[in-house]
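Subject: Structure handover, with notes on pockets and hairpins

Dear colleague,

I am passing on the structure we spoke about, together with some notes on what came out of the analysis. Please have the sequence and the model open beside this message as you read.

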Amino acid sequence: MIIKPFAPSPLTIGLQALVTRLQPTHPQYQNLQQEQKIKEAGDFGEQYVMKELRQTALLNDCHIFHNVILPSVLPMQIDILIIVPNAIILLEVKNIRGTVHLKNDPRQLIRTSESGEVHVFTHPEIQLEQYIQGMKHFLDTQNISIPLFGAVVFPFNNVNIHREDSGLPILMAKELPLFLHKHIEKSKETSTMNEIKHIILSHLRDRTPFPLCQYYQIDASALRRGVHCENCGQFGMKKLRMTWCCQSCQYQCNDAHIRALLDYYMLVGGTISNRACREFLNIESQYVAKRLLQKLNLPSTGPDRIRKYDLSTLYWNAAQKK
């Protein structure tokens, strides 16, 4: 059973907005665009693994969570967590293509791409071992004792893996049903499963790196202003009486400003004033800006002249719909 389904990483969504609003001539544009591609590949791999898990007939015997963050003494952001009747399994997903060498002493993942480029990464076992220890600490605080297992999962067969020594299991996504079956067949007791499921759900945390301009030390004045057209990709939609109209392709959308306000939240800050709204959306009338913000029923503070609107509700409502 899928308890917490796949959702794109907040950093991926934020980077997409940031790269879209930066000019290609910005000194950080190329690096941010590359980081965006890496994050998108990671999300794609995790989504594929979740799809494989959803399709297996074993789902009634396990509870599956995507992107689990729990309070712990160690940093812990688990790609996929699976509760089976007699254990908890943590999966670290690595969507990497090319030739991968898993080195020991020191432990490193060295990837050689198809073009011959060599890149060095942290060994995935190090991350996974840290998450297992963090999970053990969390369960100890809840007075729960249950075996913990971990595995590194490569989603696709476009990687050639060389390993120096044995360690935590390394699997391809297609191997997951058999891997889970070996754990599930040992026990059919589900009371602990349901107890742990509810404890995890009640302790889940959200973590975002917003605002990204601060995170990447980018001056917010470098961002392109205006409302972005989802049809042709151009900025500069014009506010008409009942809708927004793209000046390039004539596409119309009643709530195009919501996407721009979400960009502001992810890139600039969690609250917005009427003036900042006008400047970011490129609208002149303070009364139009006021109506747009009030219609969204956002929490606000301060008197009318200097009122600040909290955009976090807008973001989390949008995130739940993805």
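The notes below take the pockets first and then a run of paired strands.

Please keep in mind throughout that this is a predicted model.

**The largest pocket**

The largest pocket has a computed volume of about 1,400 Å³. Its lining is made up of 38 residues, and those closest to the centre of the pocket are I38, K39, A41, G42 and K94. Two or more lining residues come from each of the helices α1 (10–21), α2 (29–55) and α3 (124–141), and likewise from each of the strands β2 (63–69), β3 (77–84), β4 (87–93), β6 and β7. Among these elements α2 is the one that gives the most to the lining, with 8 residues. Should you wish to consider the chemical character of the lining, its residues divide into 13 nonpolar, 13 polar and 12 charged.

**The second largest pocket**

The second largest pocket holds about 610 Å³ of space, and 26 residues line it, with K4, A7, D206, W316 and A319 lying nearest its centre. At least two lining residues are supplied by each of β1 (2–4), α1, β2, α7 (256–267) and α10 (312–321), and the element that gives the most here is α10, with 5 residues. The lining of this pocket divides into 16 nonpolar, 4 polar and 6 charged residues. Helix α1 and strand β2 are thus listed for the largest pocket and also for the second largest.

**The strands β5, β6 and β7**

Strand β6, which already appeared in the lining of the largest pocket, has a partner on either side in the sequence. Strand β5 (residues 98–103) runs antiparallel to β6 (residues 108–112), and 5 bridges join the two; within this pairing, K103 stands opposite Q108. The two strands form a hairpin with 4 residues between them, and in the turn D105 has a positive phi of about 55°.

Strand β6 also pairs in the antiparallel sense with β7 (residues 118–122), again over 5 bridges, and here T112 stands opposite V118. This second hairpin has 5 residues between its strands, and the turn residue G116 has a positive phi of about 95°. When you look along these strands, it may help to recall that in a regular strand the side chains alternate between the two faces of the sheet.

With kind regards

Notes. Residues numbered from 1 in each chain as written. Predicted model: local features only at pLDDT ≥ 70, side-chain atom pairs only at ≥ 80, totals over all residues. Heavy atoms only, no water. Pairing = 2+ DSSP bridges. 1 Å grid on protein atoms, 1.4 Å probe; cavity = no way out; pocket = protein on both sides within 12 Å on 5 of 7 lines; lining within 4 Å. Points joined across faces, edges and corners; volume = space filled by probe spheres on them. Nonpolar A, V, L, I, M, F, W, Y, C, P; charged D, E, K, R; others polar.
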